[in-house]
Amino acid sequence: MLIAQMSDLHVTAPGTAPTTAYDTNARLAAAVAHLNALVPRPDLVLITGDLVNGPKPGEYAALSALLESLAIPFRVLPGNHDDRAELRRTFAGTGWMPMNGPFLHHAVEGFPVRILMLDSVIPGSAVGSLCTDRLSWLEERLAEQPERPTVLALHHPPFDTGLAFLDTLRCLEGAEELGRLVRSRPNVRAVLCGHTHRQTAVAWNGAHGYVAPSVAYQIALDLAPEPPYRWTEEPSALALHQFRPDGTVVTHLSVIGDYPGREFSRKVRNS
């Protein structure tokens with residue numbers, strides 16, 4: 001199974017942008033065209049939070065219009081910039097968006113790999129949480145199909161990334177409990193996150209821990225104890241996760257934009 005992961009889209013109302021440096025709506029449009037052109041085409045697209053930049057009026061309508069041309073099934077979960085009520089209104093007709101309850105958890109079924117979408121948002125805060133109720137929901141879902149290959153997706157990473165400031169804004173409450181739960185369930189192949197605007201991979205409690213780059217803009221890599229918080233001119237990107245029958249998970253960075261390849265000879269020289 002091939003899963004594409006987009007994160008941190010930061011869509012704005014038409015005619016606006018987070019800064020004059022980045023047209024995030026244009027970058028999402030380019031990402032959708034990029035996904036539609038991939039060969040092989042992914043089976044599913046996961047969008048791991050911060051779909052809009054506010055939330056502000058007009059942003060979710062712009063998001064919906066941009067995603068209309070995506071020719072691949074997709075699922076979304078909220079980030080700290082999102083509004084649960086607006087997400088419910090925007091995706092009310094999909095059949096998969098939960099319309100009741102305090103959180104937007106849901107299971108993605110019908111694929112070789114099962115995906116459990118976790119809502120880690122604390123309204124009004126950039127920090128994430130997996131409280132007792134959220135962890136109970138996850139534990140119940142995992143108990144339903146204990147042998148089936150499973151992916152967990154949430155906006156806030158439950159593990160440190162080495163980006164000092166952003167690690168203070170990760171999923172703090174419930175992270176250790178989630179780690180123990182993942183460690184006890186060898187069928188959990190991967191934990192996929194967003195939030196940091198920087199690709200990071202880590203082996204975490206027996207699973208493939210991964211933070212996706214941002215479709216909107218990247219945060220500069222700086223592993224100093226107290227680094228400045230800087231955007232960088234690195235290109236927009238998404239991730240492609242290949243889940244193989246033997247349990248191996250392979251992740252590729254897929255850069256969005258016009259970067260033509262150059263063919264080379266396949267002949268191998270004798271040395």
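Which strands does helix 4 lie across, and at what angle does helix 4 run to strand 5?

Entry 1, the overall picture. I began by noting that I was looking at a predicted model, and I then looked up its elements, which come to six helices and 15 strands. I checked the extent next, and the C-alpha atoms fill a box of roughly 55 × 50 × 45 Å along the principal axes. With 271 residues, a compact globule would have a radius of gyration near 18 Å, and the protein agrees with this because its own value is 18 Å.

Entry 2, the sheet. I followed an open sheet of six strands, and I wrote down its order as 4-5-7-9-11-10, with mixed pairing. Strand 4 (106-108) and strand 10 (200-204) are the edge strands, each of which pairs on one side only. From one strand to the next, I found that the twist averages 20°.

Entry 3, two pairs of strands. I looked inside the sheet at strand 5 (residues 114-117) and strand 7 (residues 150-153), which run parallel and are joined by four bridges; here arginine 114 has threonine 150 in strand 7 as its bridge partner. I then turned to strand 10 and strand 11, which pair in the antiparallel sense over five bridges. Tryptophan 204 has alanine 207 in strand 11 as its bridge partner, and in the hairpin of these two strands, where two residues stand between them, asparagine 205 takes a positive phi near 55°.

Entry 4, helices on the sheet. Returning to my opening question, I found that helix 4 (residues 132-144) lies across strand 4, strand 5, strand 7 and strand 9 (188-193), and that helix 4 runs at about 170° to strand 5. Helix 6 (residues 175-184) also packs on the sheet, where it touches strand 7, strand 9, strand 10 and strand 11 (207-211), and its direction makes about 65° with that of strand 10.

Entry 5, a pair of helices. How far apart are the axes of helix 1 and helix 2? I found the axes of helix 1 (residues 24-37) and helix 2 (residues 59-67) to be 9 Å apart, with the two helices packing at an angle of about 25°. Since angles under 35 degrees count as roughly parallel, helix 1 and helix 2 are therefore roughly parallel to each other. Helix 1 passes helix 2 in a right-handed crossing. I listed Asn25, Leu28, Ala29 and Val32 of helix 1 as making the contact with Ala62, Leu63, Leu66 and Leu67 of helix 2. When I sorted the residues of this contact, seven were nonpolar, one was polar and none was charged.

Technical notes. Residues are numbered from 1 along each chain as its sequence is written. This is a predicted model: local features need pLDDT of at least 70, side-chain atom pairs count only at pLDDT 80 or more; totals for chains, interfaces and linings use all residues. Side-chain values use heavy atoms; hydrogens and water are left out. Two strands pair if DSSP finds at least two bridges between them. Axes are lines fitted to C-alpha atoms, for helices over the stretch in contact, and angles run from 0 to 180 degrees between N-to-C directions. Contact means heavy atoms within 4.5 Å. Angles under 35 degrees count as roughly parallel, over 145 as roughly antiparallel, 65 to 115 as roughly perpendicular and the rest as oblique. A crossing is left-handed if the near helix is turned anticlockwise from the far one by less than a right angle, and right-handed if clockwise. Ala, Val, Leu, Ile, Met, Phe, Trp, Tyr, Cys and Pro count as nonpolar, Asp, Glu, Lys and Arg as charged, and the others, Gly among them, as polar. The radius of gyration is taken over C-alpha atoms; the globule rule is 2.2 Å times the number of residues to the power 0.38.
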